[in-house]
Amino acid sequence: QLQAFGGGLVQAGDSLRLSCAASVRTYSSHLMGWFRQAPGKEREFVALIRWGTGRTYYADSVKGRFTISRDGAKNTLYLQMTSLNAEDTAVYYCARATSYSTTPKDFDYWGQGTLVTVSS
C-alpha cells in the first residue's frame, strides 16, 4: 500500500528525488518517513514528516542535504536528496507510523524499497 520509486545510479555530488505513493489511509496525525538500508547494515532512519502539520525531522547524517515533503492531495511522500555521496548508497524505504518514532518496528506500513547507488 506504499510504493517507493525514483532510485537509480548517480554520481557523487548529484541530486535525486524519491517518491512514495500511498494508497493506505493517512491521517493528519500520522507520520511518514524514509529509512535506508545499506548492504550488511541495519535499516536506519533518514527523515520523517508529520502529515498534517508538515513538521520534519532528520537524521544528522542527512540534515542540510535531504528534504522530506508531502503532497496531501496526491497522497505522495517525497525525499529530495542533494550532494549525494557513496555513504548514501542503500535501498530506501518509505513507511507510515501512527505516532512519532524513528524506530523501524514502530512503522506499520512499508514500501518495497528503491535502490540508490552513488558512484564516487
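The disulfide between C20 and C94 is right-handed, because the torsion about its S-S bond is about 70 degrees. The two sulfur atoms lie 2.1 Å apart. I should say at once that this is a predicted model, and the values I quote are computed from it. The count of disulfides comes to 1. The bond joins distant parts of the chain, since C20 sits in strand β3 and C94 in strand β9, 74 residues apart.

Are these two cysteines buried or exposed? C20 has a relative accessible area of 0%, so C20 is buried. C94 likewise counts as buried, at 0% relative accessibility.

Let me turn to the chain as a whole. The protein chain has 11 strands and 0 helices, and its elements, read from the N terminus, are therefore β throughout. Of its 120 residues, 43% count as buried. The C-alpha trace spans about 40 × 30 × 25 Å along its principal axes. The radius of gyration is 13 Å, which agrees with the value near 14 Å that a compact globule of 120 residues would have. Among contacts with a separation of 6 or more, 53% are between residues 24 or more positions apart.

Next, the sheet that contains β3. Four strands form an open sheet in the order β1-β3-β8-β7, with antiparallel pairing. The edges are β1 and β7; each has a single partner strand, so one side of each is left without a neighbour in the sheet. From one strand to the next, the twist averages 15 degrees. As a general reminder, strands of a sheet pair through backbone hydrogen bonds, either parallel or antiparallel.

Within this sheet, β1 and β3 are joined in the antiparallel sense by 4 bridges. Here A4 stands opposite C20, the cysteine in β3. On the other pairing of β3, 6 bridges connect it to β8, again antiparallel. There, S19 is placed opposite Y78 of β8.

Strand β1 also shows an alternation of side chains. L2 and A4 point to one face and are buried, whereas Q3 and F5 point to the other face and are not.

What lies in the interior? The largest nonpolar core holds 36 residues, and those touching the most other members are W34, L77, L79, M81 and Y92. Eight elements are listed as giving two or more residues to this core: β1, β3, β4, β5, β7, β8, β9 and β11.

Which residues does Y92 touch, leaving aside those up to four places away in sequence? Its contacts include A4, L18, W34, F35 and R36. V46, F66, L79 and M81 are also among them, as are G113, T114 and V116. Three of these partners, W34, L79 and M81, are named with Y92 among the residues that touch the most other core members. A4, which stands opposite C20, is another contact of Y92.

Finally, a residue in a loop. D106 lies between β9 and β10, the latter covering residues 109-110. With a relative accessible area of 36%, D106 is partly exposed. Apart from residues up to four places away in sequence, D106 touches A97 and S101. R96 is 10 residues from D106 along the chain, and their C-alpha atoms are separated by 8.7 Å.

To close, I return to the disulfide: C20 in β3 and C94 in β9 are linked across 74 residues of sequence, and each of the two is buried.

How values were computed: Residues numbered from 1 in each chain as written. Predicted model: local features only at pLDDT ≥ 70, side-chain atom pairs only at ≥ 80, totals over all residues. Heavy atoms only, no water. Core = buried A, V, L, I, M, F, W, Y, C linked by side-chain atoms within 4.5 Å. Buried < 20%, exposed > 50% of the residue type's maximum accessible area, 1.4 Å probe, protein only. Contact = heavy atoms within 4.5 Å. Disulfide = S-S within 2.5 Å. Pairing = 2+ DSSP bridges. Axes fitted to C-alpha atoms, helices over the stretch in contact; angles between N-to-C directions. Rg over C-alpha atoms; globule rule 2.2 N^0.38 Å.
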